[in-house]
Structures are given as C-alpha cells and as structure tokens.
Amino acid sequence: MSELQAASTGQTPPADPNTSGGFSLVAVVGAPNCGKSTLFNRLTGLRQKVANYPGVTVEKRLGKVRVESGREITLVDLPGIYSLTARSEDERVARGVLLGEMPGLAPPDAVLLVVDSTNLNRNLSLAAPILALGIPTLIVLNMSDDLRSRGGLLDGERLSEQLGVPVVQASAARGEGLEAIRAFVSGRSTAPQRLELPVLQDIGSRRRWAVHASGQSGYQAPAASAWTRRLDSAFLHPLAGPLIFLQGVWAGVGSVLVFLPQILFLFVLIGVMEDSGYLARAAVIADRTMARVGLEGKAFIPLLSAYACAIPAIMATRTIESRRERLATILIAPFMTCSARLPVYALVIAAFLPEKPLLGPLLGTRAAAMIGLYGLGFLAAVATARLLKSTLLKRQSPLPFTLELPPYRWPTLQSIGLRLADRSLIFLKRAGTVILLTTVVLWFLASVPRTDGQPPEISRSLAGKMGKAVEPVIEPLGFNWKIGIGLITSLAAREVIVGTLGTIYGIEGGEEEGDESSPGLQQALKQDLTPGAAVALLIFFAFALQCMSTVAVVRRETGGWRLALAQFGYMLALAYIGAWLGKTLVEIWV
Amino acid sequence: MPVRTLSDLKQGDEGVLDRLEVVAEVAERLMELGFLPGVRVSAGRAAPGGDPMVFRVDGSEVAIRRATARRLILNDSAQTGEDGTNV
C-alpha cells in the first residue's frame with residue numbers, strides 16, 4: 001500500500017516532490033451544507049459564496065492551489081450530493097464532473113470527500129459510491145471542532161484503516177487540518193485499495209456499511225445542538241413564526257425606501273438569514289403558501305434573493321428537483337422588485353409625489369408608494385404562478401418537497417462584510433460596463449448626424465429619431481419620444497433610464513452634463529409627464545423585463561430561446577397593459 | 001388496528017419506520033435523506049398549520065409535507081438498535 005495509507009488524523013501525508021506528475025484536477029465532493037465551499041475558499045483563497053443552507057453552490061467552480069513545488073493544481077468545487085443519482089440540475093453538474101462527462105473538463109484525478117463529522121453515518125453513505133470510482137480520495141472530516149465541543153468522538157486513524165483511504169480531521173471554518181489537505185493535493189497517491197464496498201444501488205446496504213465503518217472507529221454522535229431546538233420553538237411557532245418572518249420582510253422592504261445605502265442593509269438582512277440557518281426554516285414555513293400557487297417551499301429561497309437581483313436567483317433554482325416547478329420559478333423571479341428598479345422608482349416618486357406623513361412619522365406617502373410597487377411586483381408573480389399552475393404545471397410533480405434543515409450558526413461579521421464588499425463590487429462593475437457603455441452609445445446617437453460640424457438638435461439626432469419611431473406605440477401610455485429613448489436604452493438594464501433622461505434633458509437644456517439626481521431632472525420630468533403617465537411609467541418598470549443579463553441567463557438555464565423570449569414578451573405585454581390601465585384609472589380619479 | 005404513519009406522530013413522539021409507500025424515485029430520495037426502513041424517527045416542530053412536518057432522522061432534521069409523511073408507515077412492534085438500524 002502507499003505511504004498515504006498509513007497517514008491519517010492530523011498527520012501530514014508524505015508527499016514526494018521528486019515524482020513528476022501528481023494531480024492536476026482535484027474535485028471537492030460531499031453532501032449539501034457540509035462545508036465544501038468553505039474548504040474550497042480556504043485552499044484557493046477565492047470567495048465562492050457560502051451560507052448555512054443546503055444548495056448554496058449550484059455550479060462547478062474552479063480555483064488554483066499552489067503547492068510547495070510551485071506547481072498549480074486545479075480544484076473544482078461542486079454542488080452537494082447525497083448520492084451519484086442526480087435528480088436536480090445542481091446534482092447533475094456534480095455527477096457530470098465526477099464521471100468526466102463535462103465537456104471541456106477532464107475527469108478529476110483525485111477527490112477531497114468532505115464529510116460533516118457531526119453526522120458521520122449519513123455523510124459516509126456517500127463515501128461508498130465515491131470510493132467505488134477508484135480515484136485517489138482523501139476524506140476530510142469537517143466540523144470536527146463542532147464534534148468535539150458537542151461531546152462527540154471519532155478515531156480518525158481507525159476510520160482510515162476501515163476505509164482504506166487517508167482521513168484528516170479538519171475544520172474548514174477555522175482553518176484546521178489544512179496542511180494535511182494541501183499535502184494530499186500536492187502529492188501522488190495510488191488508487192484506494194479494493195475494499196468490501198456495499199451493493200451501491202441499495203441505499204440500505206450503503207447505510208449499514210457506513211454505520212459499521214463509523215462504529216469500528218469509535219464514532220459517537222454529538223449531542224443535538226440545544227439551541228437549534230430552542231430557536232425552532234420560536235421560529236416554527238404557529239403564531240410567532242410567521243410574525244417574525246413578516247417582520248423580517250418589513251425591515252427589508254422598509255429599509256429600501258430611504259434607498260441606495262440601504263440596499264446594502266437588505267443584503268445584510270438576507271445574509272443573516274442565509275448564514276444563520278433561518279432561511280431553510282423560512283422556506284418550510286412558506287411551503288404551504290407556495291403550494292397554493294403550484295410551487296414548493298424550496299422555490300422561496302430563489303424568490304427571496306430575487307429582491308436583490310434576478311440573476312443569482314435564477315441560478316439558485318437549480319436545487320428545485322421538479323423541472324416544471326423550476327421553470328415556473330424562473331419565469332416569475334424577475335417580477336420581484338430587484339435593486340435596479342429602485343433608482344427609477346425613487347426618481348419618479350420624488351418628482352411627482354410630495355412627502356406627507358401618512359401613518360404618523362413612520363410611514364410617509366413616498367414610502368407607501370414604494371411598498372405599493374413592491375406589492376405590485378409580488379402580486380404579478382403570484383398571478384403568473386397561478387396561471388402557470390393551470391397550464392405548464394398542470395401535471396403535478398412526482399417528487400415531493402423535501403428539505404434538510406441545517407443547525408443554527410452565528411453569522412460572522414467577516415462573512416457578512418465580504419458579502420457587502422462583493423455586492424458593492426458587482427454594483428460598480430455594472431456601472432462601469434453595461435451602464436457606461438449604454439450611456440456612451442446614447443451620447444453618440446444623440447450627436448449624429450452632424451451638419452456643418454455642429455451636432456444636431458436632439459430631436460433630429462439618431463437617438464431622437466429612434467425615440468420618435470416608438471412614440472406612436474407608447475403615446476397611449478402618455479410617454480413622449482424622450483421617454484421612448486429612455487425605454488429603449490433601459491432594455492440593457494433598468495437603471496440606465498435615469499442616466500439617459502439626465503443626458504437628454506441635459507443636452508436639451510444646453511448643460512454640460514445632466515446630474516441624475518438633480519431637482520432639474522425631476523422638474524423636467526414633471527413638465528413632460530402627466531401624473532397618469534408617471535404612474536404608467538412606474539407600472540411599466542414594475543412588470544417589464546428590461547434586463548438583457550436576465551434574458552441571457554434564462555436562455556442558458558432553460559436551454560433555449562423559446563422560454564426566454566416568451567417570458568420577455570409576456571412581461572412586456574403585461575407592462576404595457578398594466579401601464580395603460582394605471583394611467584386610465586388615474587385620469588378617471590384625478 | 002389501522003396502520004400508523006409518520007403523520008400521526010405528535011411533536012416529541014418517536015416511531016420506527018416500517019416501509020415507504022411511494023414510487024421508487026421518491027423512496028430513493030427519502031432514503032437518501034435518512035428515511036430508511038427500520039430507523040427511528042422522531043417528530044419535531046411542524047410549520048405553522050402543521051404542514052410541512054419536521055422530523056429528526058439519522059442525525060439531522062428534514063422537512064417533508066404531511067402528505068408525504070402519510071405514506072411513510074410505522075412499525076409499531078419493532079425494536080431498534082442504538083444506531084437506528086434494524087437489528
């Protein structure tokens with residue numbers, strides 16, 4: 001047997017730097033929520049998203065580990081799996097990579113099998129099919145700090161003997177055991193010895209095999225986390241549960257009202273829910289309500305994150321096993337009020353609605369309007385889900401709702417801080433790419449054709465002609481050609497309309513540059529839009545899918561243009577009809 | 001005596017799972033989550049309204065709908081080993 005065989009708990013498996021070759025692609029495999037991505041981040045220095053609920057990672061992620069010899073080894077982080085039977089999209093990704101069926105990616109030549117040592121029996125069941133692959137494997141007994149502190153026991157050396165593969169006790173969260181893992185990754189190893197593996201197809205026999213191996217290694221499961229139970233008696237309480245949840249949503253929604261810096265507050269809120277383990281409970285509470293519109297509790301997780309941005313939300317639907325329910329969730333996710341809509345809402349509301357207290361100092365007219373728009377998006381999502389239930393979702397999914405609940409953990413300041421930093425970066429990147437590019441293109445279109453070297457009047461420019469071309473279509477909504485230009489540019493991304501209108505009115509007013517938040521822009525809007533048209537504009541933005549990145553992601557995730565275009569068309573039609581209705585109603589009342 | 005199922009367990013009650021009366025695909029997923037014939041299952045807090053239910057099984061907590069729990073039949077006469085498997 002190789003030297004690695006003997007190496008085990010806490011010791012560094014001897015790596016031989018003189019041997020050429022070694023591993024080039026190492027896969028990180030394990031059950032959902034066992035800490036694969038945390039380990040991956042530790043080893044690669046990357047910042048793959050981690051949180052405390054099963055199904056955070058839905059796509060393979062590559063990273064590099066530099067080992068002592070100076071060589072770089074590629075690590076691939078995979079979505080969590082319970083077995084090699086893949087039912088959902090994220091599980092198919094993990095299985096595909098492991099079996100070398102991923103186009104463009106060689107089969108891995110070593111595996112880091114991450115197991116949650118506080119729940120060894122279940123986690124080891126996955127070891128059987130993984131070891132049967134015959135790829136050199138290191139079993140990483142993660143969360144061993146948790147195991148110890150909760151009074152559990154495990155002899156890693158004996159487990160290594162039992163399984164015939166090296167084993168290391170580690171804590172990815174605290175960075176324990178990393179040296180031994182790095183040494184394994186850098187070293188050469190032989191295939192695991194032929195073991196008496198259980199009948200792989202039989203889950204019962206796999207499970208008995210795992211219980212036997214852990215029993216022989218003196219495994220004693222830790223005491224159940226006491227405060228997980230205590231907290232659940234509040235969070236899953238028949239009355240308090242939904243109240244705590246609603247309060248959370250209220251804090252999220254309410255905070256956004258005052259806007260931009262507070263968008264980050266929304267992210268903190270979602271971050272705390274994700275990291276503490278509460279999100280999975282919220283999904284359980286939401287299951288019954290979701291069932292009424294033909295969805296399941298798991299769809300709640302992507303829909304909540306769609307309040308930040310629809311793109312990660314659509315990715316997150318990969319954990320939904322039923323394809324129909326997954327498609328339905330993808331189709332309704334962009335109705336959730338994402339953060340890109342906020343600048344538009346804020347501009348129009350500030351221009352048209354004077355701030356007056358409505359319910360004491362807590363709720364003013366502007367805040368109420370904002371809440372109304374959040375509600376409008378949500379209602380459109382629910383109505384669409386209902387519609388899908390009687391069409392696309394007519395046949396009920398054979399796979400029922402199942403969700404594993406993680407134990408509660410304290411969210412760390414560091415992880416929340418990193419998330420905010422990432423979010424701000426994404427925001428800046430968007431401003432620097434999509435938004436900047438559209439603005440540049442618009443500026444160009446607004447300054448040609450030149451006559452005698454002079455830029456044209458904006459109404460005669462190419463941009464103006466484009467606006468005039470759509471004017472007959474949008475005229476019933478009360479929009480003129482200038483708003484038309486804004487609607488065209490906002491097809492790239494919603495918030496672009498704010499800059500576009502700033503540019504147009506700025507050019508028109510002869511100013512150098514339009515200040516986007518200036519009262520000047522609000523004044524200009526007030527002259528160009530009736531109150532009815534302003535309402536129409538808000539409703540249009542609540543419903544229309546003006547976000548090319550979302551359309552692109554939907555095309556990729558649904559495997560074709562058909563649904564992506566159908567969704568775009570449906571949302572556009574709804575936006576047009578809704579906007580017209582809104583305008584008409586306002587004109588009747590006012 | 002009518003058969004008892006997981007949906008009959010009140011919070012804190014324990015039972016031994018006898019069989020899963022669901023189609024193979026569903027049974028497989030449930031067994032991967034720990035619902036194996038012979039294991040001991042205890043009922044935790046259910047969501048408000050009593051659905052979905054949360055069960056402690058095989059060292060972790062899993063939420064399933066009441067309708068699913070109704071298809072998981074209890075064995076009222078079985079004894080289990082300490083590790084939760086049938087002996």
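## Two helices that cross

Helices α7(A) and α9(A) lie oblique to each other, because their angle falls in none of the ranges that count as roughly parallel, antiparallel or perpendicular. Their axes come within 8 Å and cross at roughly 140°. Keep in mind as you look at them that this is a predicted model.

Helix α7 of chain A covers residues 156-163, and helix α9 of chain A covers residues 203-216. Their crossing is right-handed. Which residues meet here? From α7(A) come Arg158(A), Leu159(A), Gln162(A) and Leu163(A). On the α9(A) side they meet Trp209(A), His212(A), Ala213(A) and Gln216(A). The spacing fits a general rule: an α-helix has 3.6 residues a turn, so residues three or four places apart point the same way.

## A sheet built from both chains

Now to the open sheet, which has 6 strands in the order β9(A)-β4(B)-β3(B)-β2(B)-β1(B)-β5(B), with antiparallel pairing. At the edges stand β9 (402-405) of chain A and β5 (72-74) of chain B; each has a single partner strand, so one side of each is left without a neighbour in the sheet. On average, neighbouring strands of this sheet are turned by 40° against each other, direction ignored.

Where do the chains join in this sheet? β9(A) pairs with β4(B), residues 60-64, in the antiparallel sense over 4 bridges. Within that pairing, Glu61(B) is the bridge partner of Leu405(A). Further along, β2(B), residues 40-43, pairs with β1(B) over 3 bridges, and also with β3(B), residues 53-57, over 3 bridges. Val41(B) is a handy residue to find in β2(B): Gly15(B) stands opposite it, and Val41(B) in turn stands opposite Val57(B) in β3(B).

## Helices packed on the sheet

Returning to the pairing of β9(A) with β4(B), helix α13 of chain A, residues 278-292, packs on the sheet and touches both of these strands. The direction of α13(A) makes about 145° with that of β9(A).

Chain B supplies a helix too: α1(B), residues 24-32, packs on the sheet. It touches β9 of chain A together with β1 (14-20), β4 and β5 of chain B. The direction of α1(B) makes about 145° with that of β1(B).

## A mostly covered helix

Finally, have a look at helix α24 of chain A, residues 531-543. Its 13 residues reach 19 Å from the first C-alpha to the last, close to the 18 Å expected at 1.5 Å a residue.

Is this helix mostly covered or mostly open? α24(A) is mostly covered, with 11 of its 13 residues buried. Among them are Leu537(A), Leu538(A), Ile539(A), Phe540(A), Phe541(A) and Phe543(A).

Key:
Residues numbered from 1 in each chain as written. Chains lettered and ligands numbered in written order. Predicted model: local features only at pLDDT ≥ 70, side-chain atom pairs only at ≥ 80, totals over all residues. Heavy atoms only, no water. Pairing = 2+ DSSP bridges. Helix = DSSP H or I, 4+ residues; strand = E, 2+ residues; numbered from the N terminus. Axes fitted to C-alpha atoms, helices over the stretch in contact; angles between N-to-C directions. Contact = heavy atoms within 4.5 Å. Expected span 1.5 Å × (residues − 1). Buried < 20%, exposed > 50% of the residue type's maximum accessible area, 1.4 Å probe, protein only. Parallel < 35°, antiparallel > 145°, perpendicular 65-115°, else oblique. Left-handed = near helix turned anticlockwise from the far one by under 90°.
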